[in-house]
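Open the model in your viewer and keep the sequence panel beside it. Each stop below says what to select and what is there.

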Amino acid sequence: MLRALFIYLSKAAWARRVVTHWRIAWQAASRFVAGEKLEDGLSVVKKLNANGIQATLDQLGEHTTTAEDAEKATQGILQILDAIEAENVRSNVSIKLTQIGLKVDLNLCSDNLARILEHAKQRNNFIRIDMEDATCVDDTLALFYEMRNGRGFHNVGLVIQSYLYRTVEDVNKLMQIPARIRLCKGAYKESPHIAYPKKRDVDANYDRVAQILLERAFEVGSPELSEDGRVPPIPALATHDEKRIRFALEYAKQIGLPKKALEFQMLYGIRRDLQASLAEQGYPVRVYVPFGSEWYPYFTRRLAERPANVWFFISNYFKK
Ligand SMILES: Cc1cc2nc3c(=O)[nH]c(=O)nc-3n(C[C@H](O)[C@H](O)[C@H](O)COP(=O)(O)OP(=O)(O)OC[C@H]3O[C@@H](n4cnc5c(N)ncnc54)[C@H](O)[C@@H]3O)c2cc1C
């Protein structure tokens, strides 16, 4: 119930207008968001790197409705790539296709994506395409294949969500390349016609897909995290769920996959203890570091995942 409510609020313009004016909301959001500026993101990345953890920077923003806004977002992403190069940090970049024009015009989005990949390629960097709600999945996959097979970019990977029924089929096809995949559970509200409504099924599918990724990585020679920490291995397991992590660790050991041939990913502000513990054990860990003024939908999705966060923030506010 609460999850559905927060996901509804994440898309409601009236709620965004109200909430973004509350100081308490920004205080709460800043647990999950590095700050409003690129410098804020970079300073978090440097701290993570100092602790042996890689990052992926994300300029917040999604669902742009004009070509001008899509261009502005594209320019922002190019600047992130320049800054990573200039500061020599161990980070790649995550992007959302609706931010660079997916819902405005597919050709425009394809051109913007190709510009970003070319800019990244010249700086030996890697772009991860986030997966958005189910209305974006076909176009996201199509653009991924166009970039990878049609335009020959190898510095691109994408995200797959275990809550979708279609995912095993999509992954089996992507593994023929094999593509670099970030596996997550999925953060949007989807209909039971297309997504598992029960958490235990989403979790079981997560393990099943993780197994496919780990086996395929082993079969193709276990490509490891790049020396500069930017290009990830084939499987990137994005979850804070210890059971999923344990399952993957045990399965990877069982098939003999080297530690550096799989990566764990978590969100900034969530389970720092787990991030540190996996890094200490010698596994690549990457933290998703969002920054920017468009923090509202990202923040409300984090509340949807764990509504208890709301009470935590409210009680802390009144303790001050
Ligand atoms: C690096 C990364 C990238 C992602 N990219 C995408 C994407 O492109 N598309 C997409 O749809 N989704 C994405 N997600 C979100 C993902 O789909 C889940 O919604 C989110 O990770 C919560 O699921 P979980 O796997 O942590 O498991 P859950 O079962 O939801 O949580 C397991 C445990 O993690 C902790 N936890 C989880 N969420 C929170 C939270 N918000 N606050 C505090 N503690 C929490 C709690 O201890 C919880 O018990 C991404 C997640 C990560 C880590």
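Select proline 192 and show its surroundings. Setting aside neighbours up to four places along the sequence, this proline is in contact with Tyr165 and Pro197. Bear in mind that you are looking at a predicted model. Now trace the backbone on either side: proline 192 sits in the loop that runs between β5 (181-184) and α9 (199-219). Is proline 192 buried or exposed? Its relative accessibility is 51%, so it counts as exposed; the cut-off for that class is over 50%. Draw a distance from proline 192 to tyrosine 165. The two lie 27 residues apart in sequence, with 9.4 Å between their C-alpha atoms.

**Back along the chain: a cis bond**

Move to proline 178. This residue is in the loop between α8 (167-174) and β5. Show the backbone atoms of isoleucine 177 as well. The peptide bond from isoleucine 177 to proline 178 is cis, and its omega is near -5°. As background, most peptide bonds are trans.

**Two positive phi angles**

Next, select histidine 63. Find it in the loop between β1 (54-59) and α5 (67-87). Its phi is near 55°, which is positive although the residue is not glycine. Switch on the surface. Histidine 63 has a relative accessible area of 36%, so it is partly exposed.

Then jump to asparagine 124. Which elements flank its loop? They are α6 (106-122) and β3 (127-129). Asparagine 124 also has a positive phi without being glycine, with a value near 50°. For the general rule, most residues other than glycine have a negative phi. With a relative accessible area of 57%, asparagine 124 counts as exposed.

**Into a strand**

Select alanine 238. It belongs to strand β6 (residues 235-238). Its relative accessible area is 16%, so it is classed as buried; buried means under 20%. What does alanine 238 touch, beyond residues up to four places away in sequence? Show Arg182, Leu183, Cys184, Tyr206 and Gln265 as sticks; these are the residues it touches. Now add valine 159. Alanine 238 and valine 159 are 79 residues apart along the chain, and their C-alpha atoms are separated by 9.3 Å.

**A helix end and a distant stretch of sequence**

Go to alanine 279, in helix α11 (residues 272-280). Ignore its neighbours within four places in sequence, and its contacts are Gly52, Ile53 and Val285. Add asparagine 51 to the selection. Alanine 279 and asparagine 51 are 228 residues apart in sequence, yet 8.4 Å apart in space, C-alpha to C-alpha.

**An enclosed helix**

Select residues 296-305, which form helix α12. Of its 10 residues, 9 are buried, so the helix is largely enclosed by the rest of the structure. Colour the buried ones: Tyr296, Pro297, Tyr298, Phe299, Thr300, Arg301, Arg302, Leu303 and Ala304.

**Cysteines without a bridge**

Select the cysteine sulfurs. How many disulfides does the structure hold? The count is 0. Cysteine 109 is in no disulfide, and the nearest cysteine sulfur to its own is that of cysteine 136, 9.5 Å away. Seen from cysteine 136, the closest cysteine sulfur is in cysteine 109, and that 9.5 Å is too far for a bond. The cut-off for a disulfide is within 2.5 Å. Cysteine 109 is buried, at 0% relative accessibility. Cysteine 136 is buried too, also at 0%.

**Zoom out**

Show the whole chain as a cartoon. Its helices number 13 and its strands 8. The radius of gyration is 19 Å, close to the 20 Å that the globule rule gives for 320 residues, so the chain is as compact as a globular protein of that length. Its C-alpha atoms fill a box of roughly 55 × 45 × 40 Å along the principal axes.

Colour by burial. Buried residues account for 57% of the 320 in the chain. Switch to the surface view. The accessible surface is about 14400 Å², with 53% of it belonging to carbon and sulfur atoms.

Turn on contacts. Among those between residues at least 6 apart in sequence, 77% join residues at least 24 apart.

Finish with charge. The chain has 45 positive and 39 negative charges, and the mean positions of the two sets are 6 Å apart.

Definitions and conventions. Residues are numbered from 1 along each chain as its sequence is written. This is a predicted model: local features need pLDDT of at least 70, side-chain atom pairs count only at pLDDT 80 or more; totals for chains, interfaces and linings use all residues. Side-chain values use heavy atoms; hydrogens and water are left out. Helices (H or I, at least four residues) and strands (E, at least two) are DSSP runs, numbered from the N terminus. The radius of gyration is taken over C-alpha atoms; the globule rule is 2.2 Å times the number of residues to the power 0.38. Buried means under 20% relative accessible area, exposed over 50%, partly exposed in between (1.4 Å probe, protein chains only). Contact means heavy atoms within 4.5 Å. Accessible areas come from the Shrake-Rupley method with a 1.4 Å probe; for residues, only the protein chains shown count as cover. Lys and Arg count as positive and Asp and Glu as negative; His and the chain ends are not counted. The place of a charge is taken as NZ of Lys, CZ of Arg, CG of Asp or CD of Glu.
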